[in-house]
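I opened the notebook with a plain aim: to look up how the helices, the sheet and the nonpolar cores are arranged.

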Amino acid sequence: MSSTEATNALSFADLGLSASLLKTLTDIGYETPSPIQAECIPVLLQGRDLIGQAQTGTGKTAAFALPLMEQIDVKLTKPQALVLTPTRELAIQVAEALQSYAKNLPGFHVLPIYGGQSYTIQLKQLSRGAHIVVGTPGRVMDHIERKTLNLDNLKTMVLDEADEMLRMGFIDDVEWILERTPAQHQTALFSATMPEQIRRVAQKYLVEPREIKIKSATATVAAIRQVYWQVSGMHKLDALTRILEVEDNFDAAIIFVRTKNSTVELADKLSARGYAAAALNGDLNQQMRERVIEQLKSGALDIVVATDVAARGIDVPRVSHVVNYDIPYDTEAYVHRIGRTGRAGRTGNAILFVAPREVSMLRSIERATRSPIAPLTLPSRADVTNKRVADFKASVAEVLNAEGLDFFSNIVSQIAEEQNVSAEEVAGALAMMAQKGKPLQIPGEDPVARPFAAADTRRPGSFGERDRKPRSDESRPRFDDRGAKPRSEGSSDRPRFDDKPRRAAAPAGDMVRYRIDVGRDHGVQVKDIVGAIANEAGIESRFIGRIALYDESSTVELPSGMPAEANNALKRTRVRGIPINMRQDEGRPDGAADGESKFDGERKFKKKPSSY
């Protein structure tokens, strides 16, 4: 294996992609490949195995997705590529990316398969034929075992976020799947880190792979205030205008979007709302580009909506805010973006819009900038109203101090006398007329956002809504496994304790104990159960309570009042290929089933241990 430092190609056309796919990328608005795309795409197009080591958000989805599109035979309606992902959110995201690249490929079909979705739906779609399948390990295993997923025509296998699959306890499932793939196929493995187990898998299943390692950008941004807004409950444009209105010390802003089309669309919408805004993208010639930047410097423009490429080299001291309207593809781009503010000794402001699926990119950015990014509370209707009223009062006060008001004061007095009203009522009518273009009060209700990341815990999601989130060994939750192994003849009554209890807060709310039909005799470990529950039912790890392993069964505590969808998904879940047959446990108080040794917690702990 060789290692290389990635460098950018001039354009996607330099990478060997077909004219049809290049047209699609142009239509989408992609301008230049990221480092990992520039390095990986030519290698994968050659048919070689590959190991790509890069952080989440470096653009690796396109790095493997674009070569996959070039290899697909649309006439053959059987799976020709399989992409394994650790979570269903990532599976959906990859499938959506592939579908967008297939804009000029009629008849192409990509199918995401994951836990929590009806088998009936997936079986129907598989029977119709799919060219690429994107799925989580557990559900892919199930379909292979059921013979509803046939890999005989597989050309390419992609392991996305391999280290995350290892941390979630899926690596054995991944190897099980790899062993059932055709002998002749291409394999690409992507991982942010390269632990020994991942290295072992690569050495066992990849053939003379090319290894590409992308260094992530690191930077300190002490002079820049960084905040993020959770995209939820309101259209991004409405949220953007609210935020811009109430931001302190706002002078000028660069708003970053991903595509050229988006720069024009957003700039037009902002202009229609009264902002002095213009687009800056790769379609502008040098003269037009310089004119936009000069207008931003002079104050003729207050907002420039730009792509990463178009904004390179901009140095305008009055830029007080950078808004990441679309989250960047990689951390290096984020660092370059926010570097457009906080210049000339000033304090800058960086605002990041983050959708639930993009939480992992937020975490990567925090690591790259070596600073936490605080959540931003969306300004309420009252906040915006108060700000508009304050600005209106300031404008009126400025005019009151001016000379030459006698003429207008006389007009007000005449109107008051003619209409038999007070001067205050006339002033109110004039104020209403003055604010027609920009009402002082915003109509409607404030949306209720569903938080995916509490400020104190920094954890995304709630059960039923999980997000991609790279986890270090230090941050990974440890699950309680204080169950006793049932006694065999001559064994001691003393229970075995496999893991020390976690020192973390217990899940909030009531917990219900369930029994599942897998245990130590099946080779099951706590991480297998955690991974299966988290992935199949979408229950975040912090909502999974105490897990006790016995010989032929186990118990697990889960939140009461789980959604029916999560309950149904768990009933169909398998661990190491074995149906768990989950049901509420009504057995002995210690959790052991009939015939199993009693778990005597009192002998080990003076008080009942906490559930986690």
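**Helix pair**

I looked first at where helix 6 meets helix 8, taking contact as heavy atoms within 4.5 Å, and found Pro 137, Val 140, Met 141, Ile 144 and Glu 145 in helix 6 against Asp 173, Val 174, Trp 176 and Ile 177 in helix 8. By class, this contact has seven nonpolar, no polar and two charged residues. I note that this is a predicted model, in which local features need pLDDT of at least 70 and side-chain atom pairs count only at pLDDT 80 or more, while totals for chains, interfaces and linings use all residues. Residues are numbered from 1 along each chain as its sequence is written, and side-chain values use heavy atoms, with hydrogens and water left out.

**Sheet**

I then traced an open sheet of seven strands, which has the order 3-4-2-5-6-1-7 with parallel pairing, where two strands pair if DSSP finds at least two bridges between them. Its edge strands are strand 3 (110-113) and strand 7 (210-213), and the twist averages 15° from one strand to the next. Strand 2 and strand 5 (residues 156-159) run parallel and are joined by four bridges.

**Cores**

I looked up the largest nonpolar core, a set of buried residues (under 20% relative accessible area, 1.4 Å probe, protein chains only) joined through side-chain atoms within 4.5 Å. This core has 41 residues, and Phe 64, Leu 66, Tyr 101, Ile 132 and Val 134 have the most contacts inside it. A second, separate core of 33 residues includes Leu 82, Ala 130, Met 157 and Leu 159.

Note on methods: Helix = DSSP H or I, 4+ residues; strand = E, 2+ residues; numbered from the N terminus. Nonpolar A, V, L, I, M, F, W, Y, C, P; charged D, E, K, R; others polar. Buried < 20%, exposed > 50% of the residue type's maximum accessible area, 1.4 Å probe, protein only. Axes fitted to C-alpha atoms, helices over the stretch in contact; angles between N-to-C directions.
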